[in-house]
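Me: I'd like a close look at the aromatic side chains in this protein and at what surrounds them. Walk me through it in one go, please.

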Amino acid sequence: MRKGFTFVELLVSLIILTLTFQIVFSVVFNIMESYKISKVNMQNLYAESYVSLLYDILENELKYAGSGGELLKNLYKPSYVLGNVSSYIQKGEKYSEITDHIWLANSIDVKEDTNKLEFYVTYVVTYKNFFVRNADGTYSPLFKGYVGDFRWAIIKNKLSPSTEGYFTRFVKLDVEKISGPDEFPGIVGPEDTFKIEEINLADQTEKVMLGDEDKYIYPLSRNTLTSVEFSKNLFRQIKVVFEKNTGKIYIEKFFPILDLTKKVYRQDILENVKSFEVYALYYPNGEKRLSEIKNQSFDLSSIYALKFLVTWSSPWKFGSKNFEITKTRVILLIPNL
């Protein structure tokens, strides 16, 4: 009985084994390449989607840019110690979180250094109708128009922001209609009179009388969102932050309503960002980085749009290079500026 293998049998076995390894290697290689391509496609889709999300958010917020700008340029808020009624000061201090970031059209700001770029949009939306102080200390709407239920308002001491000594105050109010033919909330007019008092935020069961300087009351408009993450009053600031060292872009939404327990909400947008740039487009055919204009003498009224540019780089190499995408969007500013 024969033992072992002949040379031919051994050679055939080696050939079969070699072919099997080649087939297995080819299958595994193709799977790995397919996985890499799929990963690139998924990451590309991720970047495309979230850059578009960022631009959609910016476009939605910038449509309000300039709204209520004259109410924000010299805005004060009350100062107080919670629980100490006598500590309440009506015109307490500048609302610096707002007034420090309304460089362009009292609504837009940008700050950039070697580590970070911050882009701000701040606005307030009020009802078109507003209240004027009467000689007896009551208030009446300036004209016939809609005013919804409101608590928060911005009060002017003078009608024109160019008047010397002009300032505004952000307040919470108690509003009571005391006479007139119209229903409130609803369409109200000069024939309607209201008793309006300021709520003492140190103790909201207490009220403070409004004074002679509190001449014009602009009630904050409200939206219908019920999520706890969004203030119903249309007064807000968004800040887009690009961290250059980490390659992250995130948005912070700041709601200035004074008695909110939480005023800032963060939304992470994108990682592996290579660059985020903001340009001003201005008449007749100019384009400059917004942060450069801020440090120059420049006619800001010539700016009609902002251009945003994001370059995203994949965290791995595809072939010998990192995969990159660049997306831009131009957003017009004309409506409110």
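Reply: Start with W152, which is buried at a relative accessible area of 4% (buried is under 20%, exposed over 50%, partly exposed in between, with a 1.4 Å probe and protein chains only). F170 is buried too, with a relative accessible area of 0%. Bear in mind that this is a predicted model, where local features need pLDDT of at least 70 and side-chain atom pairs pLDDT 80 or more, while totals for chains, interfaces and linings use all residues. Numbering runs from 1 along each chain as its sequence is written, and side-chain values use heavy atoms, leaving out hydrogens and water.

The count of aromatic pairs comes to 21 (Phe, Tyr or six-membered Trp rings with centres within 6.5 Å; stacked under 30 degrees between planes, edge-to-face over 60, tilted for the rest). W152 and F170 make one of the stacked kind, with 5.0 Å from centre to centre and 25° between the planes. The two sit 18 residues apart, so to speak on separate stretches: W152 belongs to strand 8 (residues 152-156) and F170 to strand 9, and their pair links distant parts of the chain.

Now for F255 and Y265, an edge-to-face pair because their planes stand at 65°, with the ring centres 6.1 Å apart. F255 is in the loop between strand 15 and strand 16, and Y265 is in strand 16, so this pair ties together parts 10 residues apart in sequence. F255 is buried, at 2% relative accessible area, and Y265 also counts as buried, at 18%.

That brings us to the sheet. Strand 15 and strand 16 pair antiparallel over 6 bridges (strands pair if DSSP finds at least two bridges between them). Across this pairing, I251 stands opposite Q267 in strand 16. The sheet they belong to is open, has 5 strands with antiparallel pairing, and follows the order 3-4-14-15-16. Strand 3 and strand 16 are at the edges with a single partner strand each, so each has one side without a neighbour in the sheet.

Move along from strand 16 and you reach N272, in the loop between strand 16 (264-270) and strand 17. N272 has a positive phi of about 60° although it isn't a glycine, and it is partly exposed at 29% relative accessibility. N106 also shows a positive phi without being a glycine, at about 50°. You'll find N106 between helix 3 (96-99) and strand 3 (108-112), in the loop, and it is partly exposed at 24%.

Back to rings: Y55, F119, F242, F276 and F308 are linked into a cluster by ring pairs. Two lysines also meet tyrosine rings. The charged end of K77 sits over the ring of Y95, 4.5 Å from its centre, and K307 lies over the face of Y279, 5.2 Å from the ring centre (that takes NZ of Lys or CZ of Arg within 6 Å of the centre and within 35 degrees of the ring normal).

Two aromatic residues come just before cis prolines. The bond from F184 to P185 is cis, with omega near 0°, and P185 is in the loop between strand 9 (168-179) and strand 10 (186-188). Y283 and P284 are joined by a cis peptide bond as well, omega about 0°, with P284 in the loop between strand 17 (273-282) and strand 18 (286-289).

For the wider setting, the chain has 4 helices and 20 strands (DSSP runs numbered from the N terminus: H or I of at least four residues, E of at least two). Buried residues make up 44% of its 337 residues.
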